[in-house]
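This report walks through selected residues and a pocket of one protein model. The sequence and the structure come next, and the text follows them.

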Amino acid sequence: MPILERGTARDRDSQVLPKVPVPLLKQTLDTYLKCVQHLAKEEQFKKTRAIVEKFGAPGGVGETLQKNLLERRDKMANWVYDYWLEDMYLNNRLALPVNSSPAMVFPKQMFKDHKDALRFAARLISGVLEYKALIDTRSLPVDFTRGQLAVMPMCMEQYYRLFTSYRYPGLKTDTLKVQMKAASSALEHMIVACKNQFFVLDVVANSKQLSEEEILSQLEKIVKMSENAEEKLPPFGILTSDGRTEWAQAREALIKDQINRDSLALIESCICVVCLDEPSGLQPSDTNRALLMLHGGGHEKNGANRWYDKSMQFVVGMDGICGVVCEHSPFEGIVLVQCCEYIMKYIMESPSKMVKSSSYRELPPPRRLRWKCNPHIQGLLAASAERLQRLVNNLDMNVFKFKDYGKEFIKQQKMSPDAFIQVALQLAFFKCTGRLVSTYESASIRRFQEGRVDNIRSATAEALAFVKSMADERGAFSDSEKMKRLGDAIKAQTSYTIAAITGMAIDNHLLGLLRIAKELNMEKPEIFCDETYLASNHFILSTSQVPTTVEMFCCYGPVVPNGYGACYNPQSDHIIFCISSFWDNTETSSVVFVKALNEGLLEIRDLCNRSNATAKKWL
């Protein structure tokens, strides 16, 4: 993920960014073969090469699909956006927590008491409103790319979806709805979840935004209302933690009643959800805080104190465990980071605005959302709770702070920190399994109109050559040979990264060709039914760099049952890794992966240091 620079504040609408390109067909097919050759068995690869050559032959199926794709590009602002959104998110039937929604974990807060926690929540809400005002007035500075390529402005569309998006569950596919620009400033309420109950917090009264003191007063009323046992309603939020088809079916049952329709309408049109969590009873370690942000600890803890369809859920735990869970379909991690950093700086830096206002307003109390339940819905709630608990019990998370060095040491070796870490992840995987597998690293394509991401395929042939030399116990490889292979691996990773961020990677292109075939009602081309293609899209290692300048870290779950999620945050003298896998898979173990990663990072450092010492000797 590229590092950002902020531009001067100006309207991004005045900048017309280039469209996402469609790479040449031959280029993509050649790259595809290069990406899979060393990961497939020899016989299988021969078969794949023949299929690919047939697909790309003059007058073949590939040419027809490519021609149609180029026509689509001419007609649309971004030819891949809808295809990608459906494939990556909306068609996915898995539950959002763990499988799809990443979390940002804030530093542990040291609250003196409940009032202190609510004060923090009120301050956070004020920060959200200030950031939202920047978005609504188009005052956010434009992001610019930085790094190996020329500085370029980036598409800002994702920011405008932070508080205006809602993902509706569907039986076969979900729908992402975004409020239109004019409607965004009209959003005037948040939903507060407390003790699994939901409340409407109006943030504007008589055309005037609530002060921090007023927000605090309203939050105190919400906590008091949530403690009223007679008013307590079943934990409806748990339904949103279920598989998307299950939740769509449950929603159909809910909307038969007007009361439920009204409550859903209020949630679906809110700015964001603020979850006031009960103390979890767990040690506030990095790993436990990450787990609690991702799934709330299940229905017995805070797992039902959520509404997962909403794009931003800010969590404030009474025990100081705080962060954000985001529904990933409207925006990428870097946008989440920019928003969170702004809010954390707002909370930490500006003096508290808790001044006793002389013009204190008597505000109407917050409203509790009402729900109508029946035995059928009770059964659905119980089933959702059980499925969430299974997911909670299955997530194996290990947050690992590697303290021996950070990106400064890597830069001293004249290497790209991201490429270096990607190669280290390949080495860790090889140490665990003796092989490399299809790997996903998200690459931003925001230099294009409505750009989201493409995939950097990090399991390169050069990475395989390097990790084999490092794992060789016969001492067959000299340090200079290992260093050469490390340099080659980093160069291959860097050049693939540049290809991806400039719209020249293969994943979006292949997806586009597949979708065009479907739209033309063609029989699915053989290239997309081939075992190699299916394996190449089963990402056992799913990785992402999410760097922060404020103390916080991002985490997410694996994307396949036998896989690892690996999110990392490189700092100058340390690197934070969040490694996730599933307990019920015998091939994976987060603690084993972390041990291999730690060993590998130290081995690469020692190799660089020995090589540097040898080079100095010869000077």
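N302 lies in the loop between α10 (286-295) and β11, where helices (H or I, at least four residues) and strands (E, at least two) are DSSP runs numbered from the N terminus. The model is predicted, so local features need pLDDT of at least 70 and side-chain atom pairs count only at pLDDT 80 or more, while totals for chains, interfaces and linings use all residues. Residues are numbered from 1 along each chain as its sequence is written, and side-chain values use heavy atoms, with hydrogens and water left out.

N302 counts as buried because its relative accessible area is 4%; buried means under 20%, exposed over 50%, and partly exposed in between (1.4 Å probe, protein chains only). Leaving out residues up to four places away in sequence, N302 touches D277, E278 and G296, contact meaning heavy atoms within 4.5 Å. With E278 there is also a polar link: the side chain of N302 reaches the backbone nitrogen of E278 at 3.0 Å. A polar contact is a pair of N or O atoms within 3.5 Å; within protein, one must be able to donate a hydrogen and the other to accept it, and residues adjacent in sequence count only if both atoms are side-chain atoms.

V316 is part of strand β11 (residues 312-317). Its relative accessible area is 0%, so V316 is buried. Sequence neighbours within four places aside, the contacts of V316 include F111, A117, F120, A121 and L124, and also C275, L276 and D277. One of these partners, A121, is 195 residues from V316 in sequence, yet their C-alpha atoms are 6.4 Å apart.

H328 carries an annotation. The UniProt record, an unreviewed entry, covers H328 with the feature "active site"; UniProt positions are given in the numbering used here, feature names are shortened, and annotations may be inferred rather than shown by experiment. H328 is located in the loop between β12 (322-326) and α11 (333-349). Because its relative accessibility is 14%, H328 counts as buried. Neighbours within four places in sequence aside, H328 is in contact with Y89, S100, P102, G333 and R452. The side chains of H328 and Y89 are joined by a polar contact of 3.4 Å.

T548 sits in the loop between β17 and β18 (553-555). T548 is buried because its relative accessible area is 7%. Its side chain reaches the backbone oxygen of V550 at 2.9 Å, and a polar atom of the T548 side chain lies 3.3 Å from the backbone oxygen of M552. Apart from neighbours within four places in sequence, T548 is in contact with V337, E341, N569 and Q571.

L363 is placed in the loop between α11 and β13 (367-368). A relative accessible area of 12% is why L363 is buried. Not counting residues up to four places away in sequence, L363 touches A205, L210, E214, Q218 and K221. L363 and M76 are 287 residues apart along the chain, and 48 Å separates their C-alpha atoms.

Two lysines have a positive phi value, as listed here.

| Residue | Phi | Loop between | Relative accessibility |
|---|---|---|---|
| K195 | near 55° | β6 (189-194) and β7 (197-202) | 23%, partly exposed |
| K414 | about 60° | α13 (407-412) and α14 (417-433) | 78%, exposed |

How much space lies in the largest pocket? About 1300 Å³ lies there. Of the 45 residues that line this pocket, D87, M88, Y440, F539 and V559 are the closest to its centre. On a 1 Å grid over the protein atoms alone, a cavity is a set of points where a 1.4 Å probe fits but cannot get out, and a pocket is an open set with protein on both sides within 12 Å along at least five of seven lines; lining residues have an atom within 4 Å of a point. Grid points are joined across faces, edges and corners, and the volume is the space filled by probe spheres set on the points.

Elements that give two or more residues to the lining include α4 (81-90), β15 (439-444) and α17 (507-519). The most comes from α17, with seven residues. By class, the lining has 22 nonpolar, 15 polar and eight charged residues; Ala, Val, Leu, Ile, Met, Phe, Trp, Tyr, Cys and Pro count as nonpolar, Asp, Glu, Lys and Arg as charged, and the others, Gly among them, as polar.
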